[in-house]
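Me: I'm new to this one. Could you show it to me and then take a few questions?

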Amino acid sequence: MYDFRIDAADKPALYRELIAAADSLTAGEPDAVANMANIAALLWETLPELNWAGFYRHVGGELVLGPFQGRAACIRIPFGKGVCGAAAATRAVQCVADVNAFPGHIACDSASASELVVPLVHDGALVGVLDLDSPRLARFDAEDVAGCSELARLLAPRLASMDAAAPEALKTR
Ligand code: SME
């Protein structure tokens with residue numbers, strides 16, 4: 001049984017503990033789906049005020065839904081579309097205080113008010129994105145951006161087994 005009791009005094013401490021837990025959950029495990037599923041569960045249990053936490057994978061030039069916690073979500077997102085698509089196209093973190101003011105935002109759950117999307121990049125390739133949604137406006141701040149970016153750096157190599165490189169590798173066989 002895994003029982004990560006994360007009860008930190010402040011946000012930087014919370015992210016330090018979260019990243020340590022994420023490290024021990026995924027270290028040495030090569031299966032990307034298993035790792036994404038456990039990290040989505042960990043984020044959901046640890047971070048307050050979320051209504052969605054999970055992953056979109058880069059598959060064949062678009063984003064495809066991966067393991068998550070929350071309500072059923074849209075399955076395929078083209079690069080450049082919505083908050084996730086913007087993160088994928090620019091490879092820049094998207095911290096959106098009010099999703100309804102974001103051009104092209106994809107409303108998977110009408111409860112979502114703010115969103116943080118962090119690209120996952122490994123060996124110069126986009127593996128996918130980490131997506132957090134909150135029902136509270138401006139839920140995510142610079143400390144969330146820093147913490148989730150650090151988490152993304154740890155995770156990207158451990159989530160890369162099904163990344164966009166896979167179809168290319170198949171073509172050369
Ligand atoms: N709102 C996102 C779509 C994904 S869901 O939030 C899970 C977007 O605009 O990219």
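What follows is a set of questions and answers about the ligand site and a few single residues.

Me: Before we start, what should I know about the model and the numbering?

Reply: This is a predicted model, where local features need pLDDT of at least 70 and side-chain atom pairs count only at pLDDT 80 or more, while totals for chains, interfaces and linings use all residues. Side-chain values use heavy atoms, with hydrogens and water left out, and residues are numbered from 1 along each chain as its sequence is written.

Me: How many residues surround the ligand?

Reply: A residue counts as near the ligand if one of its heavy atoms lies within 4 Å of it. Val83, Cys84, Ile106, Glu115 and Asp133 are the closest. The full number around the ligand is 13.

Me: How do those shell residues divide into nonpolar, polar and charged?

Reply: Here Ala, Val, Leu, Ile, Met, Phe, Trp, Tyr, Cys and Pro count as nonpolar, Asp, Glu, Lys and Arg as charged, and the others, Gly among them, as polar. With that sorting, the shell around the ligand has eight nonpolar, two polar and three charged residues.

Me: Which element gives the largest share of the shell around the ligand?

Reply: Helices (H or I, at least four residues) and strands (E, at least two) are DSSP runs, numbered from the N terminus. The space taken by the ligand is the largest cavity, a cavity being a set of points, on a 1 Å grid over the protein atoms alone, where a 1.4 Å probe fits but cannot get out. A molecule sits in a cavity if more than half of its atoms lie within 2 Å of its grid points. Two or more shell residues come from each of β1 (52–59), α3 (82–90) and β6 (125–134), and the largest share, three residues, comes from α3.

Me: How much of the ligand's area does the protein bury?

Reply: Start with the polar contacts, which are pairs of N or O atoms within 3.5 Å; within protein, one must be able to donate a hydrogen and the other to accept it, and residues adjacent in sequence count only if both atoms are side-chain atoms. Nitrogen atoms of the ligand lie 3.1 Å from a side-chain N or O atom of Glu115 and 3.3 Å from a polar side-chain atom of His105. On the oxygen side, a ligand atom is 3.5 Å from an N or O atom in the side chain of Asp131. Taken alone, the ligand exposes 310 Å² (Shrake-Rupley method, 1.4 Å probe), and the protein buries 99% of that.

Me: Is Glu49 buried, partly exposed or exposed, and what is its relative accessible area?

Reply: Most residues other than glycine have a negative phi. Glu49 is not a glycine, yet its phi is positive, at about 60 degrees. This residue lies in the loop between α2 (32–46) and β1. Buried means under 20% relative accessible area, exposed over 50% and partly exposed in between (1.4 Å probe, protein chains only), so Glu49 is partly exposed, at 40%.

Me: What is the relative accessible area of Ala138?

Reply: Ala138 has a positive phi too, near 55 degrees, in a residue other than glycine. Its place is the loop between β6 and α4 (142–155). Ala138 counts as partly exposed because its relative accessible area is 43%.

Me: What separates the C-alpha atoms of Leu47 and Leu132?

Reply: Leu47 is found in the loop between α2 and β1. Leu47 is buried because its relative accessible area is 4%. Along the chain, Leu47 and Leu132 are 85 residues apart. Their C-alpha atoms are separated by 9.6 Å.

Me: Which residue's backbone oxygen lies 2.6 Å from a polar side-chain atom of Ser114?

Reply: Ser114 lies in strand β5 (residues 114–122). With a relative accessible area of 0%, Ser114 is buried. The backbone oxygen 2.6 Å from its side chain belongs to Arg136.

Me: And for His58, which residue has its backbone oxygen 2.8 Å from a polar atom of the side chain?

Reply: His58 lies in strand β1. At 12% relative accessibility, His58 counts as buried. The backbone oxygen 2.8 Å from a polar atom of its side chain is that of Leu126.

Me: How far apart in space are Asp144 and Ser24?

Reply: Asp144 is found in helix α4, and it is buried, at 1% relative accessible area. In sequence, Asp144 and Ser24 are 120 residues apart. In space, C-alpha to C-alpha, they are 21 Å apart.

Definitions and conventions
1 Å grid on protein atoms, 1.4 Å probe; cavity = no way out; pocket = protein on both sides within 12 Å on 5 of 7 lines; lining within 4 Å.
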